[in-house]
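Hi there,

Here is the structure I promised to pass on. Please have a look at it first, and then read my notes underneath.

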Amino acid sequence: MAVKVSLRASRLACERDDRWLFRALDLRVEDGDILRIEGANGSGKTTLLKLLTGQLPPTEGRIEWHGEPLARSREAFLSQLLYVGHAPGVSAALTAQENLAWAAAMAGVRAPVPDLERALEAVGLAGFEDIPARQLSAGQRRRIALARLELVPRPLWILDEPFTAIDREGVAWLERRLVAHGDAGGAVVMTTHHTFHANGRVDSLLLGEAA
Amino acid sequence: MSANSGGSTTGRGEEIGLWAGCVAQVRRELKIARRRGGDLVNPLMFLALVVVLFPLGISPEPDLLASVAPGLLWVAALLAMLLSLDGLFRGDHEDGSLEQMLLSPLPLPVLCLAKVVVHWLLTGLPLALCAPLLGVLLALPGAGYLALMLSLALGTATLSLIGAIGAALTVGLPRGGVLLSLLVLPLYIPVLIFGAGAVKAAIEGGMAGPALALLGALLALALAAAPFAIAGGLRISVNG
């Protein structure tokens, strides 16, 4: 089977407000990898994810997707990417199901109602489909965002603090889900302080010290 | 809670086209607007208040009012549009939806255009439809009504498109409202001149056609260029 994920960053450096967040960072993500980015608050974890998703240009270094510079292969890259950011991308005025339907459309994926319901059920939101996100808790909103993992089939997941605000049961589910994704040949890059149960499966990258 | 759905990399999730993406975007905007309710009425209220208060402040003399009516209605409509623009991308920026749009494989300018179309449908079009009622309050001569509606319908669409560029550029700023006004007002002036000019020409028995044609040309230009400017503005301000 062809390699689906090949994201490589070399000699990456990022400067923010006259301060180097990181320099000479090398990183490689391929099929089956689960990469955890750790580091103190303000060490540039979210910034690194923004660089890797092409939202920010790096100060130095290059990022390649299948050997091509990210800027040039942007469209191909985005059609393989599922990104859940720091803000979950859930509109408070819309119901759980409407939010998810829109997210699927933005990802360019057809999402019939049964699929939406199945995805919401998988994240423990069965019965909450028609409740506006405004009335849901922070954890439940985060779960709406995570329901995309079930709905939108993409090999590369880039997740910013996915474990924030969800309860213990949800953490266990998400952990299993991430490992299952890796085992199925997908790749995950995430920022988190969470220690995995199956920690041997996860590679770690510590920001803030090597700089 | 199943960890083994395994479909993450299989054939599930049929791709959809650009059109379906736009439809989803439009439906989302309409739903959000419907649930916010109040924001919809604000521009209309503003226009109505200006028009109702103006004769009280100046003079209820029909001749005087009729002579200022085209300009007054147009200025009030333009400011009403400006007021409604600040929030165009703000909510999406705060809840992270904008990030999802930026990372969508669908072309961003088209998604932005869908958003602007909804903005015009919910602010510009109601203004154009209600303006004749307010024209009556200002004793606007009968010959001006059609030109008023047409010029507002065409002009507010241009205002939505241009204003969205400003809204995109200022979305990352904590109080972008003032800057937004400063950015877009100079670009609004041609629309105002030709818009009010069309109504005035119709009242004075001349032809509104040329001014309306120019408004149409401005709209065509804005339609072609603004979506790209909006998308570029969003990329700049989200990553600032």
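Below is what I found, starting with a sheet in chain A and then moving to a surface patch on chain B. Please keep in mind that this is a predicted model.

The sheet in chain A is open and has five strands, in the order β6-β7-β8-β3-β9, with parallel pairing. At its edges are β6 (81-84) and β9 (203-206) of chain A, each of which pairs on one side only. On average, neighbouring strands of this sheet are turned by 15° against each other, direction ignored. As a general reminder, strands of a sheet pair through backbone hydrogen bonds, either parallel or antiparallel.

If you would like one pair to look at in detail, try β7 (residues 156-160) and β8 (residues 187-191) of chain A: the two run parallel and are joined by five bridges. Within that pairing, A:Trp157 has A:Val188 in β8(A) as its bridge partner. Helix α5 of chain A, residues 138-151, lies across β6 and β7 of chain A and runs at about 170° to β6(A).

Now to chain B. Here B:Val41, B:Met45, B:Leu49, B:Val52, B:Leu53, B:Leu56 and B:Leu137 make a nonpolar surface patch of about 670 Å². Helix α2 of chain B (residues 38-57) gives the most to this patch, with six residues. One residue to click on is B:Val52, which is found in helix α2 of chain B. Is B:Val52 buried, partly exposed or exposed? With a relative accessible area of 42%, B:Val52 is partly exposed.

Best wishes

How values were computed. Residues numbered from 1 in each chain as written. Chains lettered and ligands numbered in written order. Predicted model: local features only at pLDDT ≥ 70, side-chain atom pairs only at ≥ 80, totals over all residues. Heavy atoms only, no water. Patch = residues over 30% accessible without salt bridge, like charges linked within 9 Å, V, L, I, M, F, W, Y side chains within 5 Å. Areas by Shrake-Rupley, 256 points an atom, 1.4 Å probe, with all protein chains shown as cover. Salt bridge = Lys/Arg side-chain N within 4 Å of Asp/Glu carboxyl O. Helix = DSSP H or I, 4+ residues; strand = E, 2+ residues; numbered from the N terminus. Buried < 20%, exposed > 50% of the residue type's maximum accessible area, 1.4 Å probe, protein only. Pairing = 2+ DSSP bridges. Axes fitted to C-alpha atoms, helices over the stretch in contact; angles between N-to-C directions. Contact = heavy atoms within 4.5 Å.
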